[in-house]
Amino acid sequence: MFITKQVKKFFKFDKLKTTFKKEIIGGLTTFLAMIYILSVQPSMLSTANDINFPGDPSHNMAFGGIFIATAIAAFISTLIMGLSANMPVGLAPGMGLNAIFTFNVANNGVGYQGALISVMISSILFCIISATKVRMIIINSIPKSLKLAIGAGIGFFIAYLGLHNIGLVGDTAVTPGGSIVNGGLPIASLGNLKTNWPIILMGLGVLILILVLHFKKIPGAIAIAIFVGLGISILIGNLGTSDFIKQNFSHWNGWSYDDFSGFAGNIKSTFAEFTNREIWTSPIMYISIFVFLFVCFFDATGTLYSISEQISEQTGNKYQLNSRALLADSTGTLIGGVLGCSPVTTFVESTTGVSQGARTGFSSIITALMFLVAIALFPVFKLITPAIVGAATIFVGSLMIMQIKDIEWLKPEFAISAFFTIIIMIVTFSITNGIAVGFIFYAIVSLICNKGKGVGIPIYVLDLFFIGYFIAFAFVQ
């Protein structure tokens, strides 16, 4: 009884009008909404190249190591948020950020080792900024429309990855006439429908189930759909005999944890490459530090603000976003980098827990503990196929894209910059390029429209860095 009273006092149950039942249900709901990251993250990062063996999958980041890093990083980061900031928020490696890590950094010349080093450096800078007033100064200098454009662009980017994972979009670039010609307009072809139709149907089936559950307002829609898809995949994989079935569907081989050895391997290899000259002479390394810092910065800040507003509406009292929350989420990015995964960020899925009654950091502790429990279930998560993961990725991407409606399209400086941000991300398959071009055009169009004085000095400074990036990149192509 004494402990119960102390817990209620510490987490301010009375002030925030909550109970143990509400906090536990809210914490479990947040975990169910976030759980997909435990399958998506390893699937994506395990395609990240080793800097010394590019193109050799046997030397890529270890699947099991990524899973362990993801679960432990989510556990520690979420626990810190709950205990230090008393907010009902779950943290884990973020969607979009893992795509940047893999495709724009690791597989762009610096390997997963360089990508992890850039995560660590950017997270240290993030912590420093979060401990000062610099965070608010930078936030206030970037227009809301540009922030929304970046989020929407990343949504398109990861949705495209999802379409590829379910087999609906193939790898071949073709011209409008259908022939493959160097220099032709790169149009992604449809996947091999004749061969891949079982995989495509699996992915689309999971996606439809996610949509049904989501719009019926059932908590944990993504997690439920993933496990339903996994069950069907295991059934097909164990009953089927063809090589195609064995390669593309799940096959249960018992409770094995052999892959966990990759956890130490990923970390050891990264620290061993700290003096690798190839990493430090690549312009990708420096631009990625900024990109990780930028995306973590705005994604987490916006999410924390939204959650605090949601709590305010439901309790009837103003819930003040505190500096400890800002520092806790930035600390999470450092934890993720050191453990061997892409940047950790605040999950917008935390709003599902708040909708179920979560108000305090106690619910975050419940969420954190569930990530520890998930480690024991690794053999199950390993069976989740790219098609099932792809469905979840498409859905998350579609949610991110919805914010495009709030961009100020009638103002040319925002319309043009938002357009270039999104289109360049998609056609160059580079989030970095989209952000760079979008920022540059924001300044250019503002000057043309005699609105240059309204552009913050930090934007002009950042544009100089972006221009330097393109110049440097021209010499490494």
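G109 is partly exposed at a relative accessible area of 38%, where partly exposed covers the range between buried, under 20% relative accessible area, and exposed, over 50% (1.4 Å probe, protein chains only). This glycine sits in the loop between α5 (97-105) and α6 (111-130), the helices (H or I, at least four residues) and strands (E, at least two) being DSSP runs numbered from the N terminus. Its C-alpha atom is separated by 9.6 Å from that of P283, although the two residues are 174 residues apart along the chain.

The model is a predicted one, in which local features need pLDDT of at least 70 and side-chain atom pairs count only at pLDDT 80 or more, while totals for chains, interfaces and linings use all residues. Residues are numbered from 1 along each chain as its sequence is written, and side-chain values use heavy atoms, with hydrogens and water left out.

**Two helices and their spans**

The expected span of a helix is taken as 1.5 Å times one less than its number of residues. Helix α8 (residues 144-165), with 22 residues, reaches 32 Å from its first C-alpha to its last, close to the expected 32 Å, and α8 is followed by G167, whose phi is positive, near 90°. Helix α17 (residues 361-375) has 15 residues that should span 21 Å, which agrees with the 22 Å between its end C-alpha atoms. Because 11 of the 15 residues of α17 are buried, this helix is largely enclosed by the rest of the structure; among the buried residues are G361, F362, I365, I366, F371 and I375.

**The second largest pocket**

The search for empty space runs on a 1 Å grid over the protein atoms alone, and a pocket is an open set of points where a 1.4 Å probe fits, with protein on both sides within 12 Å along at least five of seven lines; lining residues have an atom within 4 Å of a point. The second largest pocket holds about 760 Å³ of space, a volume being the space filled by probe spheres set on the points. Its lining consists of 28 residues, of which T47, H164, N165, P386 and A387 lie nearest the centre of the pocket. At least two lining residues each come from α3 (37-45), α8, β2 (169-174), α9, α11 (243-248) and α19 (386-401), and α8 supplies the largest share, 4 residues.

**Salt bridges**

A salt bridge is counted when a side-chain nitrogen of Lys or Arg lies within 4 Å of a carboxyl oxygen of Asp or Glu. Across the whole structure, 3 salt bridges are found, and they are tabulated here with their N to O distances.

| Pair | N to O distance |
|---|---|
| D406 and K405 | 3.5 Å |
| E408 and K411 | 3.1 Å |
| K451 and E413 | 3.3 Å |

For the bridge between K451 and E413, K451 lies in the loop between α21 (431-448) and α22 (457-474) and E413 in helix α20 (residues 412-427), so the pair ties together parts that are 38 residues apart in sequence. K451 is partly exposed at 37% relative accessibility, whereas E413 is buried at 6%. In the D406 and K405 pair, D406 is partly exposed at 41% relative accessibility, while K405 counts as exposed at 61%. Both partners of the remaining bridge are partly exposed, E408 at 33% relative accessibility and K411 at 36%.

**Surface patch and backbone angles**

Surface patches are built from residues with over 30% relative accessible area and no salt bridge, like charges being joined within 9 Å and nonpolar side chains (Val, Leu, Ile, Met, Phe, Trp, Tyr) within 5 Å. I218, I224, V228, I232 and I236 form a nonpolar patch on the surface, with about 350 Å² of accessible area together, as given by the Shrake-Rupley method with a 1.4 Å probe, for which only the protein chains shown count as cover for residues. Within this group, I218 is placed in the loop between α9 (193-215) and α10 (221-239) and is partly exposed, its relative accessible area being 36%.

Two residues that are not glycines have a positive phi of about 60°, namely K12 and N450. K12 belongs to the loop between α1 (2-10) and α2 (20-34) and is partly exposed, with a relative accessible area of 43%. N450 is found in the loop between α21 and α22 and counts as exposed at 72% relative accessibility.
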